[in-house]
Amino acid sequence: MTSATSPVGATGSAGSADASDVPVLELVDARVRYRDRQEGGYFEAVRGVSLTVGRGEALGLVGESGCGKSSTIRAILGLAPLSEGRLLIDGVAVDPRDRAVRSRIGAIFQNPAGSFNPRRSLLDSVAEPLRVWRGGSRADRERAALAELDRVGVTELMARRRPHEVSGGQCQRAAIARATVLGPEILICDEPVSALDVSIQAQVLVLLDELRTQAGLAMLFISHDLAVVATLCDRTAVMNAGEIVEVGTTADIADRPQHAYTKLLHDSVPSHLFLTNSGSS
């Protein structure tokens, strides 16, 4: 495995957790293997990945399609089994498939409309985690869901519509509300703006940053785009062929990439766009 050019636990900007703090999220030597039905044997999608995210910190995980980003977050969410390695929350080893762990981690996915039941209103979908985890009356759940939707900029009128009846931006805002309605400690964002128009992307990124700051969330932000990550993340981990090849502050990754693969990603971003975004990180 190619070693990272800086320690995985290195702190980032002023918004990052102190090095002495116990990380909210820690992945240690994680491996994810899938059975290869055509060739026989197994294919290793994630190879000894270690990551930490502190309270209030945003860590970007970047790399091209097929590099293992999605398999990494699927393992954290309990959607793919860890073949080896450990997941720790607040310094305690947990089984990501444990039901109690799931309420502590919110997830936002790439396709906003595709992540909702098309037959249910946005409000019903955002209220569903409250029904599963907290019970209570339908009226109480609706009030709590509407409050969370309002916090992310979705009106009650929009909330009572179904996914195909609202814009992609409104739908993704509702997806954010669904991910945060239980007050999780960790927010996993899997390419949450790649399906949106550029102007809407900026609004959603600002919203995510505000929620992260207000609630002290530990955020793992997955993207193939270094420029997008530079607008939001304190640190960035670069992934290639199932391995982390470089980790550092986002400013260092933006200005002084060390690994050859990171340099390729960096050079694929128009310089004016990257410099503008990295300056706002």
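# A tour from the chain ends to the sheets

Begin at the C-terminal end by selecting residues 272-281, where pLDDT stays under 50 and where the model has 17 contacts beyond four places in sequence. This is a predicted model, and a second stretch of this kind is found by selecting residues 1-19, over which pLDDT again stays under 50, with 47 contacts beyond four places in sequence. Where pLDDT is low, the predicted coordinates should not be read in detail. Colouring the whole protein by confidence gives the wider setting: the mean pLDDT is 88, and 89% of the residues reach 70 or more.

**The whole chain**

Show the protein as a cartoon next, and look for its 11 helices and 10 strands. Of the 281 residues, 49% count as buried, and the accessible surface comes to about 12,900 Å², with 49% of that surface belonging to carbon and sulfur atoms. If contacts are drawn between residues at least 6 apart in sequence, 69% of them join residues at least 24 apart.

**The sheet of six strands**

Now select strands 6, 7, 8, 3, 9 and 10, which in the order 6-7-8-3-9-10 make an open sheet with mixed pairing. Its edges are strand 6 (105-108) and strand 10 (243-249), each of which pairs on one side only, and neighbouring strands in this sheet are turned by 15 degrees against each other on average, when direction is ignored.

Move to strand 3, residues 58-62, which runs parallel to strand 9 and is joined to it by 4 bridges; strand 3 also runs parallel to strand 8, to which 5 bridges join it. A good residue to centre on is L61, whose bridge partner in strand 9 is A237 and which stands opposite I222 in strand 8. Which way do the side chains of strand 3 point? A58, G60 and V62 point one way, L59 and L61 point the other way, and all of them are buried. In a regular strand the side chains alternate between the two faces of the sheet.

Add helix 6 (residues 168-180) to the view, and it will be seen to lie across strand 6 and strand 7, running at about 170 degrees to strand 6.

**Helix 1, and the second sheet**

Select helix 1, residues 69-76, which is mostly covered, with 6 of its 8 residues buried. The buried residues to highlight are K69, S71, T72, I73, A75 and I76. After the helix comes G78, whose phi is positive, near 80 degrees. With the sheet of six strands still displayed, helix 1 can be followed as it lies across strand 3, strand 6, strand 7 (186-190), strand 8 (218-223) and strand 9, running at about 150 degrees to strand 8.

Then bring in strands 2, 1, 4 and 5, which form an open sheet in the order 2-1-4-5, with antiparallel pairing. The edge strands here are strand 2 (42-53) and strand 5 (92-94), and each pairs on one side only; neighbouring strands of this sheet are turned by 35 degrees against each other on average, direction ignored. Helix 1 packs on this sheet as well, touching strand 1, strand 2 and strand 4, and its direction makes about 110 degrees with that of strand 1. Zoom in on strand 1 (residues 25-35) and strand 4 (residues 84-89), which run antiparallel and are joined by 5 bridges, and find L27, which stands opposite L87 in strand 4.

**A loop leucine**

Return to the region before strand 9 and select L232, which sits in the loop between helix 8 (226-230) and strand 9 (235-240). Is L232 buried or exposed? Its relative accessible area is 4%, and because buried means under 20%, L232 counts as buried. Leaving aside residues up to four places away in sequence, L232 touches A58, L205, D209, R212, M219 and F221. Measure out to L208 as well: L232 and L208 are 24 residues apart in sequence, and their C-alpha atoms are 8.4 Å apart in space.

**The cysteines**

Finish by showing the cysteine side chains, among which the count of disulfides is 0. C189 is in no disulfide, and the nearest cysteine sulfur to it, that of C233, is 8.5 Å away. C189 has a relative accessibility of 0% and therefore counts as buried, and C67, at 3% relative accessibility, also counts as buried.

Note on methods
Residues are numbered from 1 along each chain as its sequence is written. Side-chain values use heavy atoms; hydrogens and water are left out. Buried means under 20% relative accessible area, exposed over 50%, partly exposed in between (1.4 Å probe, protein chains only). Helices (H or I, at least four residues) and strands (E, at least two) are DSSP runs, numbered from the N terminus. Contact means heavy atoms within 4.5 Å. Accessible areas come from the Shrake-Rupley method with a 1.4 Å probe; for residues, only the protein chains shown count as cover. pLDDT is the predictor's confidence in each residue, from 0 to 100. A disulfide is a pair of cysteine sulfur atoms within 2.5 Å. Two strands pair if DSSP finds at least two bridges between them. Axes are lines fitted to C-alpha atoms, for helices over the stretch in contact, and angles run from 0 to 180 degrees between N-to-C directions.
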